Amino acid sequence: MVQSTKVQDGGWGWAIVMASFMAQLLAYGSPQSVGVLYPEWLHAFQEGKGMTAWVGSLVAGVGLIASPVCSVCVDNFGARPVTIFSGVMVAGGLMLSAFAPNVQFLIFSYGIVVGLGCGLVYAATLTITCQYFDKRRGLALGIVTTGTSVGAFIYATAQNELIALYGLDGCLLIIGAVALNLMACAGFMRPLNMPRYYLKQKAALERNTEEKLFEKPPLDDLKISSGSDTTSPEKNLMVKELLITIDTKDIQTEKKKGSFMAGLAVIKVIKKKHQAYSKYMHSMHEILQDQAMVAFCIAVFLFSLGAFPPVLFIEDVAQSQGLIEEVSVIPLVSIGAIATCVGKLLLGVMVDVKWINSIYLYAFTMYAGGVSLLLIPSTKTYLGLQILSVVLGFFSGNWSLTSYITTKIVGLDRLTQAHGILMFFGGFGIMLGPPVVGWFFDYTQSYDLAFYFSGSCVLLGACILTVLTLPCWNRKHSENNRPEVLYTSNCDKVASVA
């Protein structure tokens, strides 16, 4: 196998970057521009805004909540098989949504199936990109993650035109067919390192083969009949029979020695798994004891709860207030998506400046986003909504700071676990935000109270993050008292993983 050090930071790695960029564009294009589909679903199914909002909230939140599971799938099976499977899920979910008889079916087909597919794509593309890049990892990840914003910009306009030409069902069928190109993107994802699942199988194969070499063969097998160079199927050692896990192999070996030894082997395996689980839970407990990490999780939850609903409702806000009769050629969702793309890049550059505190920079983006949300109810012109969409979209690019801040708080050793916890809080907030805003409208028949609630949540999260991370708390992992983190993998401070 080719050593990864010889092919990193160039060569085929840039093909991986383009394939990952296109994969995120194809997977997240429709979910990130679901605000264009939302008014059509309201008109088609005649359900409440709160119930219909579950579709958009689940497709964005399920993938984040399931991110630990998605990462395990990529570690065990590799980026290429996972991307192929996710292409089937995303395309199948979109096409199935075209035949949805009600909102409940749409919640399953679009919200859960497409959402899980997007989560798998996200984990696979980031993993394979990190494997191919070391010194330029920050740049590569920045290019890959902008695929979601570019996809939202393109799909918002494309879905609007497809609905006008072919209707809602035809639009979903076409974008579902386009999503099948995820399988083509997977073809470029040549693995540098063999996935864990195949390593396990290889170890079991080698171990079983060694045992066969030292076994005394039966006398019948030593007899060679002249003129016959074929062997019976029973004598052939099939590879499929050897592809077993190491734990199962240990148990089967002990079974040959007796039932008592087999029982001890089972107990040994269970004890080993329990110790690993206990160690993992203890590590998570230590992470959640860090005051700064708890404050950051609360802030991400409240920001996701309040800042995501405009992505889903902003077009309906403009139509319900009579500012525009139908979705414009360049929807507000597209404007916000491009602003988010610019925000990710600029905030990623700003966080590398030495005199800028990353946590307070994130808090500032929350303050600005919260004020923008509070101004939406008082905006009476379509131009005003466009300006607020740009401002809110730009500061929503603070997702690019999450991995950097997490690394500053807990260090690189615990980055994977801490980032998984953080994404769980973010996904949970995204899932709850749109239905809550929809329920506010169902009860008050106005979006004013809903956006006042959203803005207040974001400002509350900013205040909590600011207060709980002040130097006066003298916390254990204070930036002023703790030495700089040593980035042993030269990953350019992991600025753009999120």
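**Exercise 1. Decide whether Phe-428 is buried, partly exposed or exposed, and describe how its ring is placed against Phe-424.**

Solution. Phe-428 has a relative accessible area of 38% and is therefore partly exposed, where buried means under 20% relative accessible area, exposed means over 50% and partly exposed lies in between, with a 1.4 Å probe and protein chains only. This is a predicted model, in which local features need pLDDT of at least 70 and side-chain atom pairs count only at pLDDT 80 or more, while totals for chains, interfaces and linings use all residues. Residues are numbered from 1 along each chain as its sequence is written, and side-chain values use heavy atoms, with hydrogens and water left out.

Next, take the neighbouring ring: Phe-424 is also partly exposed, at 40% relative accessibility. The ring centres of Phe-424 and Phe-428 lie 6.3 Å apart with the planes at 5 degrees, so the pair is stacked; rings of Phe, Tyr and Trp (its six-membered ring) pair if their centres lie within 6.5 Å, and planes under 30 degrees apart count as stacked, over 60 as edge-to-face and the rest as tilted. Because Phe-424 and Phe-428 are four residues apart in helix α20, about one helical turn separates them. Ring pairs also join Phe-301, Phe-424, Phe-425 and Phe-428 into a cluster.

**Exercise 2. Classify the aromatic pair of Phe-364 and Phe-395, and say where its two members are found.**

Solution. The whole structure holds 14 aromatic pairs. In the pair of Phe-364 and Phe-395, the centres are 5.9 Å apart and the planes stand at 80 degrees, which is an edge-to-face arrangement. Phe-364 belongs to helix α17 (residues 358-375) and Phe-395 to helix α18 (residues 382-395), so that distant parts of the chain, 31 residues apart, are linked; helices (H or I, at least four residues) are DSSP runs numbered from the N terminus. Phe-364 is partly exposed at 49% relative accessibility, whereas Phe-395 is buried at 14%.

**Exercise 3. Find what Gln-46 and Gln-445 have in their backbone angle phi, and place each residue.**

Solution. Gln-46 has a positive phi of about 55 degrees although it is not a glycine, and Gln-46 sits in the loop between α2 (34-45) and α3 (49-65). For Gln-445, phi is likewise positive at about 55 degrees, and this residue is not a glycine either; Gln-445 sits in the loop between α20 (415-444) and α21 (448-468). As for accessibility, Gln-46 is exposed at 60%, and Gln-445 is exposed at 57%.
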